[in-house]
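Biologist: I have a new model open and would love to talk it through with you. Shall we take it piece by piece?

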Amino acid sequence: MVSVIDRRMFCGGLLLGGLAAALPARATEPLFVTDMAGRKVRLPATPRRIVLLEARDIVSMALLHPDPAALVVGWAAVDRIDSDVVKDAFDRKRQIPVVGKQTPDTISFEGLISLSPDLVVANLYMAPQGGKDLLVERLESAGVPVIFSDTSSNASNEPTKGAVTDFHDHMRMWGEVLGAIDRAASYTAFVDAHLKQIASCLADAAPVTTYLEVQSTVDDCCWAAGSKVWGELLELAGGRTLPGVTAPWFQKLQLEYLVSTPSDVYIASGGGWSADGRPSIGPGFTAAQGKEGLQRLTERTGFDQLSSVRNGRVHGIWTGLMSIPPFNILFVEQAAKWLHPELCRDLDPAATLAEINERFLSVPIKGPLWASLRD
């Protein structure tokens, strides 16, 4: 049976027994972690000096540890958190050194080694060759273990396990790393229960063709979610991507194709990074700001011809709900309500977020994390 450990118990340990009572037990003997690439990696002990080559991973850590920033001695791709509010919430106690930007060529082996990490966490975006990547090989030769927290790729021949399986593996991996296996299983069970509720309300639903735009900016068009990765999340919500999309993760479409291809709903993505050209949707922004950003997107050339825009079925989501695996459930719930408002009227993603904050997250994240052009 999965033991239920909620955030009140998790953080209450700080009061009842001091910091040591709340921290996951530190393994003093070697442990083995199976990462998202299927690699079985030996760690000398539970790590306490972690470098994240994808800063968003700190959110997954926050579900399992009361003070994840205390473990992170460096992070890269901080802009991809896509929220200064979330970044600052982790960074305010101690400034985490930035070891790179959003591309692998900004990562320095010497810079990483200077931080004396006992674990580096990568993904295929920052170490494109996986376990054979030169950076990974150099780190491992220097005695620094490397694990992969994500293997998403836009390569058409890349096999995938599916969004739900990937989420399960992601949480299991972090539970192994942080010595918090039971807590990881508790959160996985929580998400599975919500997915079951969504599947129930969609049992008799026909999929709704949706233009899910993964990079929504006022001066560019048209980046569509692929058939896998984020497209699988859309399927869980009772939707389907545009028929001409064949890439797994994302695909650039011609405006002419978008206008001529019928779709019922348009879901844009927004966040805090470069917010002048994108919808301001996510932590720290108001619903009114998100709505204004959506309005600007619909004023792009040709968008007045989309049936979704003419019918007012225009919505926006914070990118963190698609790119941070433990938050995918919030995207699926909210998208299901947008795509099937009658069938899924009992879903309450705002309440789901509140429960995640209350029971699990050591650094709560406040909404609204989505917006609609018409309320």
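Modeller: Gladly; what follows is a set of questions and answers on this predicted model.

Biologist: Let's begin with the interior. Which residues touch the most other members of the largest nonpolar core?

Modeller: That core has 98 residues. Helix 14 (residues 328-339) gives the most to this core, with eight residues. The members that touch the most others are Trp75 and Tyr187.

Biologist: Which residues is Tyr187 in contact with, leaving aside its neighbours within four places in sequence?

Modeller: Contact here takes heavy atoms within 4.5 Å. With neighbours within four places in sequence left aside, the partners of Tyr187 are Leu63, Phe167, Met171, Pro326, Ile329, Ile356 and Phe360.

Biologist: How many residues are in the other core that lies apart from it?

Modeller: Among the members of that separate core are Val51, Ala76, Leu115 and Val146. Its size is 20 residues.

Biologist: Now to helix packing. Which is it for helix 8 and helix 15, roughly parallel or roughly antiparallel?

Modeller: Two packed helices are described by the angle and the distance between their axes. For helix 8 (residues 181-201) and helix 15 (residues 349-359), the axes come within 12 Å and cross at roughly 170°. Angles over 145 degrees count as roughly antiparallel. Therefore helix 8 and helix 15 are roughly antiparallel.

Biologist: How do the residues of that contact divide into nonpolar, polar and charged?

Modeller: Helix 8 brings Arg183, Ser186, Tyr187, Phe190 and His194 to the contact, while helix 15 brings Thr352, Glu355, Ile356 and Arg359. Tyr187 and Ile356, which meet here, are also in contact in the list we went through for Tyr187. The division is three nonpolar, three polar and three charged.

Biologist: On to charges. How many salt bridges does the structure hold, and which residues are joined with Asp35 and Arg39 into one network?

Modeller: The structure holds 14 salt bridges. One of them pairs Glu342 with Arg345, with the closest N and O atoms 3.8 Å apart. Salt bridges that share partners also build a network, in which Asp35 and Arg39 are joined by Glu140.

Biologist: How far apart are the closest N and O atoms of Asp35 and Arg39, and are the two residues buried or exposed?

Modeller: A salt bridge links Asp35 and Arg39, and its closest N and O atoms are 2.7 Å apart. As for their surroundings, both Asp35 and Arg39 are buried.

Biologist: Are Glu342 and Arg345 buried or exposed?

Modeller: Exposed means over 50% relative accessible area. Glu342 has 56% relative accessibility, so Glu342 passes that cut-off. Arg345 has a relative accessible area of 55%, so Arg345 passes the cut-off too. Both Glu342 and Arg345 are exposed.

Biologist: Which of Asp91 and Lys87 is buried, and which is partly exposed?

Modeller: The two form a salt bridge with closest N and O atoms 3.4 Å apart, and both lie in helix 4 (residues 84-91), four residues apart, about one turn of the helix. Buried means under 20% relative accessible area, and partly exposed lies between that and 50%. Asp91 has 12%, so the buried one is Asp91. Lys87 has 22%, so the partly exposed one is Lys87.

Biologist: The backbone next. Where are the cis peptide bonds that join Cys221 to Cys222 and Gly367 to Pro368?

Modeller: Omega is about 10° for the bond between Cys221 and Cys222, and about 5° for the bond between Gly367 and Pro368. Cys222 is in the loop between strand 8 (208-212) and strand 9 (223-225). Pro368 is in the loop between helix 15 and strand 14 (370-372).

Biologist: What is phi of Ala77, and what is phi of Val229?

Modeller: Ala77 lies in the loop between strand 4 (72-76) and helix 4, and is buried with a relative accessible area of 0%. Val229 sits in the loop between strand 9 and helix 9 (230-236), and is buried at 17%. Phi is positive in Ala77, a residue other than glycine, with a value near 55°. For Val229, also a residue other than glycine, phi is near 55°.

Biologist: One last stop. What is the relative accessible area of Ser308?

Modeller: Ser308 is found in helix 12 (residues 307-310). Beyond its neighbours within four places in sequence, Ser308 is in contact with Ser263, Asp264, Val265, Tyr266, Arg313 and Val314. Ser308 is buried, and its relative accessible area is 0%.

Definitions and conventions:
Residues numbered from 1 in each chain as written. Predicted model: local features only at pLDDT ≥ 70, side-chain atom pairs only at ≥ 80, totals over all residues. Heavy atoms only, no water. Core = buried A, V, L, I, M, F, W, Y, C linked by side-chain atoms within 4.5 Å. Buried < 20%, exposed > 50% of the residue type's maximum accessible area, 1.4 Å probe, protein only. Helix = DSSP H or I, 4+ residues; strand = E, 2+ residues; numbered from the N terminus. Axes fitted to C-alpha atoms, helices over the stretch in contact; angles between N-to-C directions. Parallel < 35°, antiparallel > 145°, perpendicular 65-115°, else oblique. Nonpolar A, V, L, I, M, F, W, Y, C, P; charged D, E, K, R; others polar. Salt bridge = Lys/Arg side-chain N within 4 Å of Asp/Glu carboxyl O.
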